[in-house]
Amino acid sequence: MKENALIIVESPTKAKTIKKFLGKNCTVLACNGHIRDLPDRASEIPEKFKKEKWARLGINVQDDFKPLYIINSKKNKTLNEIKQAMKDADVLYLATDEDREGESISWHLLEVLKPKIPTKRMVFHEITSKAIQDAFTHPRELDEKLVRAQETRRILDRLVGYTVSPLLWKKIAFGLSAGRVQSVALKALVDLEQERMKFVSAKYWGLSAELAKKNDGFDAKLTHIDENRIAIGKDFDEKTGKLIQKDSKEKQPILLDEKTAKRFEKELLKANWKVTKVEEKPVSRKPAPPFITSTLQQESNRKLGLSARETMRIAQTLYERGFITYMRTDSVNLSDSAIESSRRLVKKLYGDEYLSEAPRKYTSKAKGAQEAHEAIRPSLDFTPPQNMGLKGKEYSLYEMIWMRTISTQMADSKQLQVSITSEAKTEKAVARFQSSGMKILFPGFLRAYVEGTDDPDTALMERERFLPDLKEGDALNCKKAEATEHETKPPNRFSEAALIQFLEKEGIGRPSTYATIVSTILDRGYVVKQGNALVPTFTGFVVTELLRKHFPDLVDYQFTSLMENNLDSIATGEIAYLPYLKEFYLGKNGLEEKVAKEDKNIVPEEARSLKFNHLKNLDVFVGKYGPYFEYVDPETKEKVKASLPESMAPSDLNTDSIKDLITQVKKGAESLGTDPETKLPIFLKTGSYGPYLQLGEVPDDPKQKLKRVSIPKGIDINSIDQALALKILELPRLVGHHPQTGKEIRASVGRFGPYVVHEKDFRSLKKEDNVLTVDLERAMELFSQPKGRGRGSKVVRAIGEHPETKSPVDILEGPYGLYIKHGKSNATLPKDKKVEEVTMQEALALLAEREASKKPAKKKASTAKKKATKPKAKAKS
């Protein structure tokens, strides 16, 4: 007789999926995550504990750090259902996730349910029939070491957060918080912003040339004049903006000024040019390892624009539906069966030549990585994305995981790097130029997966840089020479992907915590996003500076990394958790004593203020309503106080920006004049997002909208008069009508700067363009340029206008053959079709077929079990 089994998992989706693989004697219920936790607010603390000194912490630090766990009132119904089901069960299976968090959930269930029937721990890293059956027939005991490690982590987080945060409320502003890991991540962002503030830009000149042998043209850049190397960005000191002085063994590069560059610009057109050196170097690249949690978050941010939190939410759904393996892992290991499935699929889709010679096996380098676990990969049937019935972001993420996994078993990419050195002899000197090219000899794994892009075919084309077939001594013609001005740039800010990569490298946090770390510092207002960059706010600065000065260990990278390693050691039983907690909190230099001591040393007025060495007579403060500054004029001694725009990053604060803000404050709401059409006054104002123009007074009716337009970057607000204001208020202004489609082309300013747009085709304006004056001719020039770096294709036949969009449909020839292009859609031209014979109807059919193959098919769930079929040929553009 079969036993009646009760299986508990975290979510209803997971329960529904698992149920399909088990017999009728099995009941699967969801506990919906943790059923109890430390109290969040005072109202949750039981009456009998409210008078205890430790009640606010929720941890009795004097009684061996015993936590006070409170059952969430919303979980009472769930617990009652589980208890009722236990009455009919012969055995209880705890099937929560296999990591520390999952182990902790199972432990809490045991503590609350106190089952009298046998209890077993059921673990698996993918939800397939085989995996679930194996886990069901081979259960294990609850791992008490993992439970202790997770509980210690939770206690540490609570001790830091609930001990230090009240100090921030008291000294800076209510509602601020400190965190064991979040504060370290914030410090990394603040440190980088301070580097940007110290950065001194340097300007230098260079020369580029457009060279050709007969009709084969290519670009080259100046590297030497005679035997002297030309200075480039890396030769300048970031803190002084001056050339770095080389030691006596290394020759000092020369700084090219504008006058010399302009002189050479003219002389190069008359010079005698020849090739002096041709170097070819074959290189090969191996595919990246399969995804772990951190690399999945990084790549989905770069490729798909997803935040770490959004990535994990989608991955959780895919896992619980049985489509991918467990998404919280630090192991790059692939099982033998997964490798076998991948290799079988590569052979079927791409052929034997694209299969690696031997199965690739990966091992993790990170300390604490568990090789018993697997990387994130599709479930073992490896169903192609188009057969999964997925759509939107779920489809995109699954496709990325699927392609990355199969690429691990593909052959290396083989490339040929080409370097050409050419010289130009002028009357006074010899100028040496360098050109670099790259040709893909064999795409290998790049046919399936290219990091940072979602279109391998286009990426392959853009990676290639073709140079003509040249040999040493060949004479060259200089078609064009141009003196180019350059300016060194401060270090790039962290994106989410870059911050996660930094945290992983420093050993700060673990796979399950990265998404929470990033979302926390964003939600707290310590960091804002500008495009894809994470920018610390002034609030983030004052919090970091207080912690850096008074609690340096809490924001020290090595100290935090050591804490993570100690937690790993607790999980393996190498370190006892209780002595560790006592030393951290109650020790001689423990956190409790430090907070009490520093409470007396921290002066609130100093804690709320920031001083920047490069800005004299200026103090920045963080107050109840946000950041503001006080400036004392050194001559008049007049004090000016004003809010700082929310959009202003600390590194953007300089003498000019402060001067502009002061001017705006003094001007107040002074009218610049009247709009001749509406007869409304025009005001120049400053808001949380910077200076802007407002047309009309603020109306009594809040529903009545006023026209407001941000001042484009590069315009001096002191120069804005009525005439210029009227031009700005025209944005988005009509530039003209497209000569082919007849549709409008407009110019405006967006979050990424000024642009022109035609039917959702946005093209950024260049530095020399003015959004207020750019004309139709210049706009058409921008639209004619290919997007991205790809310049390897040329139009061989214009088929005509699309019957619906009226935009051109063309046949182009690229590095991988002929293809049809319409807007952003590409379709490979069949080999049996001649260019001159393709009709508009045939072209549209091929484009439609290509677009359909990119979209997820709406099929029933059963199609997920069908075998992979070879996809249609992809467009080669």
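Contact here means heavy atoms within 4.5 Å. With that in mind, let's walk through this predicted model, beginning with one residue and the helices around it.

Take Q150, which sits in helix α5. Leaving aside residues up to four places away in sequence, Q150 touches R100, E101 and S104. Is Q150 buried or exposed? Its relative accessibility is 9%, and because buried means under 20% relative accessible area, Q150 counts as buried.

The partners of Q150 lead us to a helix pair. Helix α3 covers residues 100-113 and helix α5 covers residues 144-171; their axes come within 8 Å and cross at roughly 100 degrees. That crossing makes α3 roughly perpendicular to α5, because angles of 65 to 115 degrees are put in that class. On the α3 side, the residues that meet α5 are R100, E101, E103, S104 and W107. On the α5 side, they are E144, L146, V147, R148, A149, Q150, E151 and R153. Sorted by class, the residues of this contact are seven charged, four nonpolar and two polar.

Now turn to the N-terminal part of the chain and helix α1, residues 12-19. Which residues of α1 are buried? They are K14, A15, T17 and I18. Looking down the axis of α1, you will find these buried residues within an arc of 165 degrees, so they line one face of the helix. A general point helps here: an α-helix has 3.6 residues a turn, so residues three or four places apart point the same way. On the other side of α1, P12 and K16 are exposed. The cover over the buried residues of α1 includes two strands, β1 (5-9) and β2 (26-30), and two helices, α4 (129-137) and α9 (308-320).

Helix α9 has a further partner to look at. It packs with helix α11 (residues 392-407) at an angle of about 85 degrees, the axes being 10 Å apart. The two helices α9 and α11 are therefore roughly perpendicular to each other. From α9, the residues E310, T311, I314, A315, T317 and L318 meet K393, E394, L397 and Y398 of α11. By class, this contact of α9 with α11 has five nonpolar, three charged and two polar residues.

From helices we move to strands. Strand β12 (residues 272-285) is joined to strand β13 (residues 413-425) by 13 bridges, and the two run antiparallel. To find this pairing in the structure, look for R285, whose bridge partner in β13 is S413. Strand β12 also runs antiparallel to strand β15 (residues 475-487), with two bridges between them. Here W273 is a helpful landmark: its bridge partner in β15 is L476.

Two lysines in loops deserve a stop along the way. K214 is found in the loop between β9 (203-213) and β10 (216-225). Although K214 is not a glycine, it has a positive phi of about 60 degrees. With a relative accessible area of 71%, K214 is exposed. K637 is found in the loop between β20 (626-632) and β21 (639-643). K637 is not a glycine either, yet its phi is positive, at about 65 degrees. The relative accessible area of K637 is 62%, which means that K637 is exposed.

Our last stop begins at a cis peptide bond. It joins L731 and P732, with omega about -5 degrees. P732 lies in the loop between α21 (722-729) and β26.

How are the strands of the sheet that includes β26 ordered? Four strands form an open sheet in the order β26-β27-β28-β29, with antiparallel pairing. At its edges are β26 (733-737) and β29 (761-764), each of which pairs on one side only. From one strand to the next, the twist averages 30 degrees. Between β26 and strand β27 (residues 744-750), which run antiparallel, there are four bridges; L734, for instance, has R746 as its bridge partner in β27.

Finally, which helix lies across this sheet? Helix α22 (residues 776-784) lies across β26, β27, β28 (753-758) and β29. Its direction is at about 85 degrees to β28.

How values were computed: Residues numbered from 1 in each chain as written. Predicted model: local features only at pLDDT ≥ 70, side-chain atom pairs only at ≥ 80, totals over all residues. Heavy atoms only, no water. Pairing = 2+ DSSP bridges. Axes fitted to C-alpha atoms, helices over the stretch in contact; angles between N-to-C directions. Parallel < 35°, antiparallel > 145°, perpendicular 65-115°, else oblique. Nonpolar A, V, L, I, M, F, W, Y, C, P; charged D, E, K, R; others polar. Buried < 20%, exposed > 50% of the residue type's maximum accessible area, 1.4 Å probe, protein only. Arc of directions from axis to C-beta.
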